[in-house]
Amino acid sequence: MTEKNGIKIATIGGGSSYTPELMEGFIKRYDELPIREIWLVDIEAGKEKLEIVGAMAKRMWDASPYDVEIHLTLDREEALKNADFVTTQFRVGLLDARIKDERIPGYYGMIGQETNGAGGMFKAFRTIPIILDIVEDMKHLCPDAWLINFTNPAGMVTEAIVRYGKWDKVMGLCNVPVGAMMMEPKMLDTTLDQLVYKFAGLNHFHWHRVTNSDGEDVTLKIIDKMYSEDAGLPANIFDVAFFREQLEQMKAIPCGYHRYYYREEEMLEHSLEEYKTVGTRAQQVKETEAELFELYKDPNLDHKPEQLAKRGGAHYSDAACETIASIYGNKNTHIVVSTKNNGAVPDLPADCVVEVSAFVGAAGALPIAFGSLQPAEKGWLQVMKNMELTTIEAAITGDYGLALQAFTINPLVTAGETAKRILDELLIAHKEFLPNFSETIARLEKEGVTVKDPVVSEMLSK
């Protein structure tokens, strides 16, 4: 990477509705991140969206004072060649796949969610083989590039890249910590630079504590404010309050997704109510995304529309673009990333991937030690990490027994015959994107397994 030649960035999944947010972040940081060219790459099924969002990306840069080339392509190798940074934001099977992930468990009375429960595991099954293919391409086409991943489930995807892809120049990102660090300082009538944050855990399963500039732990003050003020909860998570006594005991703030575990009963009830009425979150997002792409078609639109915040991924650009700028400029900025543990969370192995506060610079992410968790949080964390490792291995091997093991130990899946039925139906529903499970899927089809949810069944019949 040299400033003289400028930076080449390749974005896998360039036709995503999030791309304008990414462009906004790069434009905002151009003075410290002199980009020469951005390659937006997608697959044939995403070609129309790529062209729409790509045209808007070009308008955004044309409206800026900077001369940056935007390339649109379906040729991943062309996009990756000599890239300095690669960002990944793709969804295997598009939003229809997420609808299947959510509705099939919902039909049987279990939580269907993008990164949690049965749906989250199946998103990993589809995504991990693709991300490992991308890593193999990078080894030949851009061996010095950094891979910045915000494809969900981000923690499992990053773990697979490190553990099986043998690629260490990678960081996984999430907008959830960014949201917390944007909203919580306001609760204390202060600014982010007056607070010290320490996060630890896994993607969508972390806790954090906060200290002020005087060295005083202000975590409990923020917890108190959470019950009367906006805590920056992502748009895609139903807002049911944590039990105050539980948070006061742990003296730590759980991430928004912990509601699926700490308030599972209420989250399941809400999830099933949506399943029966307005449709699952994916069905709602599909409508929002359609509206966004209609906006993106406007030849006069040259900035990110406010409606993008409804999509549930607000602030991704702040995480992704700041990470890239910090690596390029060796800024050693505090950023919450999924990276190799290296002892930051002693309750997990040093070689596994965790989501932690880190100083990010040219050497990558230097994790900040958090220390051991209390037994309750430690127990959750170790179960979730081992569920992730089992899921990842199942995704790569296509081992049906391992997939069953992952379902069995996932806290949001009630183990038993129904869980096995959900697993089987999801395998059938996603067979196009699960080549590693082809033998098992052939067996299930021979046994006559079919999908019972009427919406998914209709989708499959088309």
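**View A. Pro153 in its loop.** Pro153 is found in the loop between strand 5 (146-149) and helix 6 (154-163). The model shown in these views is predicted. A cis peptide bond joins Asn152 and Pro153. Its omega is about -10°. Most peptide bonds are trans.

**View B. Ala154 in helix 6.** The next view turns to Ala154, which has its place in helix 6. Is Ala154 buried or exposed? Ala154 counts as buried because its relative accessible area is 0%, and the cut-off for burial is under 20%. Residues up to four places away in sequence are set aside for the contacts shown here. Ala154 then touches Asn149, Leu173 and Asn203. His334 is 180 residues from Ala154 in sequence. In space, the C-alpha atoms of Ala154 and His334 are 19 Å apart.

**View C. Two residues with positive phi.** Most residues other than glycine have a negative phi. Lys166 has a positive phi, near 55°. Lys166 is found in the loop between helix 6 and strand 6 (170-172). His204 also has a positive phi, near 60°. The loop that holds His204 runs between strand 7 and strand 8. Which degree of accessibility does Lys166 have? Lys166 reaches 63% relative accessibility, so it counts as exposed. For His204, the relative accessible area is 3%, so His204 is buried.

**View D. An open sheet of 3 strands.** The strand order is 7-8-9, and the pairing is antiparallel. Which strands form the edges? They are strand 7 (195-202) and strand 9 (253-254), each of which pairs on one side only. Strand 7 and strand 8 (residues 205-212) pair in the antiparallel sense. Their pairing runs over 8 bridges. One place to look is Ala200, which stands opposite Trp207 in strand 8. In a regular strand the side chains alternate between the two faces of the sheet.

**View E. Helices packed on the sheet of strands 7, 8 and 9.** Helix 7 (residues 176-187) packs on the sheet. Helix 7 touches strand 7, strand 8 and strand 9. The direction of helix 7 makes about 150° with that of strand 7. Helix 14 (residues 375-397) packs on the sheet as well. Helix 14 touches strand 7 and strand 8. The direction of helix 14 makes about 135° with that of strand 8.

**View F. The second largest pocket.** Rolling a probe the size of a water molecule over the atoms shows where empty space is left. The second largest pocket has a volume of about 420 Å³. How many residues line the second largest pocket? There are 21, and the closest to its centre are Met181, Leu192, Thr333, His334 and Ile335. Four elements each give two or more residues to this lining: helix 7, strand 7, helix 13 (316-329) and strand 10 (333-340). By residue type, the lining of the second largest pocket divides into 15 nonpolar, 2 polar and 4 charged.

**View G. Strand 1 beside strand 2.** Strand 1 (residues 7-12) and strand 2 pair in the parallel sense. This pairing runs over 6 bridges. What is the bridge partner of Ile7 in strand 2? The partner is Ile35. Strand 2 (residues 35-41) is mostly covered, with 6 of its 7 residues buried.

Notes. Residues numbered from 1 in each chain as written. Predicted model: local features only at pLDDT ≥ 70, side-chain atom pairs only at ≥ 80, totals over all residues. Heavy atoms only, no water. Pairing = 2+ DSSP bridges. Contact = heavy atoms within 4.5 Å. Axes fitted to C-alpha atoms, helices over the stretch in contact; angles between N-to-C directions. 1 Å grid on protein atoms, 1.4 Å probe; cavity = no way out; pocket = protein on both sides within 12 Å on 5 of 7 lines; lining within 4 Å. Points joined across faces, edges and corners; volume = space filled by probe spheres on them. Nonpolar A, V, L, I, M, F, W, Y, C, P; charged D, E, K, R; others polar. Buried < 20%, exposed > 50% of the residue type's maximum accessible area, 1.4 Å probe, protein only.
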